[in-house]
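Trainee: I have just opened this one and do not know where to start. Could you walk me through it?

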Amino acid sequence: MLQPAIVKAEPVRDSSLILLYETGERKKFDVSPYIKGSWFGKLADFSYFSTVHLLPNGSGIEWADGQDIAPHELYENSEEIPDIPNAETIAAFAESEEMLEHPEKYKRYNSFSEALDDILKDE
């Protein structure tokens with residue numbers, strides 16, 4: 001299977017890569033199983049891990065000394081990252097806008113402890 005081109009590879013401190021594909025897909029690939037031996041072991045150093053860059057035309061990724069991972073492995077063995085913001089976040093934004101537009105409908109608190117006391121008294 002031909003994979004879509006990678007348009008961005010972002011290193012993450014947990015030894016993973018966030019990959020953005022030309023299709024708009026965002027995926028997270030765990031590199032940690034590859035970090036063994038003297039060749040791939042260099043990837044354990046985050047400053048070196050951060051040298052990851054795209055190959056021409058987004059056909060793959062590579063690190064400064066030439067370590068690479070096959071494009072089909074990157075695509076097939078990565079987890080899709082859900083759209084951000086997700087539906088729950090969008091609903092929270094809508095609720096906060098409602099609160100700003102109609103503050104009279106909502107109770108105001110002077111402190112966090114006052115709000116916490118109000119919540120706990122109902123339990």
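Mentor: A good place to begin is Lys8, which stands opposite Leu20 in β2. Before we go on, this is a predicted model, in which local features need pLDDT of at least 70 and side-chain atom pairs count only at pLDDT 80 or more, while totals for chains, interfaces and linings use all residues. Residues are numbered from 1 along each chain as its sequence is written, and side-chain values use heavy atoms, with hydrogens and water left out.

Trainee: How many bridges join β1 to β2?

Mentor: Six bridges join β1, residues 6–12, to β2, residues 16–21, and the two strands run antiparallel. Strands here are DSSP runs (E, at least two residues; helices are H or I, at least four), numbered from the N terminus, and two of them pair if DSSP finds at least two bridges between them. β1 and β2 form a hairpin with three residues between them, and Ser15 in the turn has a positive phi of about 65°.

Trainee: Which residue forms a salt bridge with Asp14?

Mentor: The side chain of Asp14 meets that of Lys28 at 3.0 Å, N to O, a salt bridge being a side-chain nitrogen of Lys or Arg within 4 Å of a carboxyl oxygen of Asp or Glu. Lys28 lies in β3 (residues 26–30) and Asp14 in the loop between β1 and β2, so the pair ties together parts that are 14 residues apart in sequence.

Trainee: And is Asp14 buried or exposed?

Mentor: Asp14 is partly exposed, with a relative accessible area of 43%, since buried means under 20%, exposed over 50% and partly exposed in between (1.4 Å probe, protein chains only).

Trainee: Changing topic, how many residues does the largest nonpolar core have?

Mentor: The largest nonpolar core has 18 residues, and those with the most contacts inside it include Leu17, Leu43 and Trp63. Such a core is a set of buried Ala, Val, Leu, Ile, Met, Phe, Trp, Tyr and Cys residues joined through side-chain atoms within 4.5 Å. β2 gives the most to this core, with three residues.

Trainee: What does Leu43 touch?

Mentor: Leaving aside residues up to four places away in sequence, Leu43 touches Val31, Ile35, Tyr48, Phe49 and Trp63, where contact means heavy atoms within 4.5 Å.

Trainee: What is the order of the open sheet?

Mentor: The open sheet of three strands has the order β4-β5-β6, with antiparallel pairing. Its edge strands are β4 (53–54) and β6 (68–69), each pairing on one side only, and Leu54 stands opposite Ile61 in β5.
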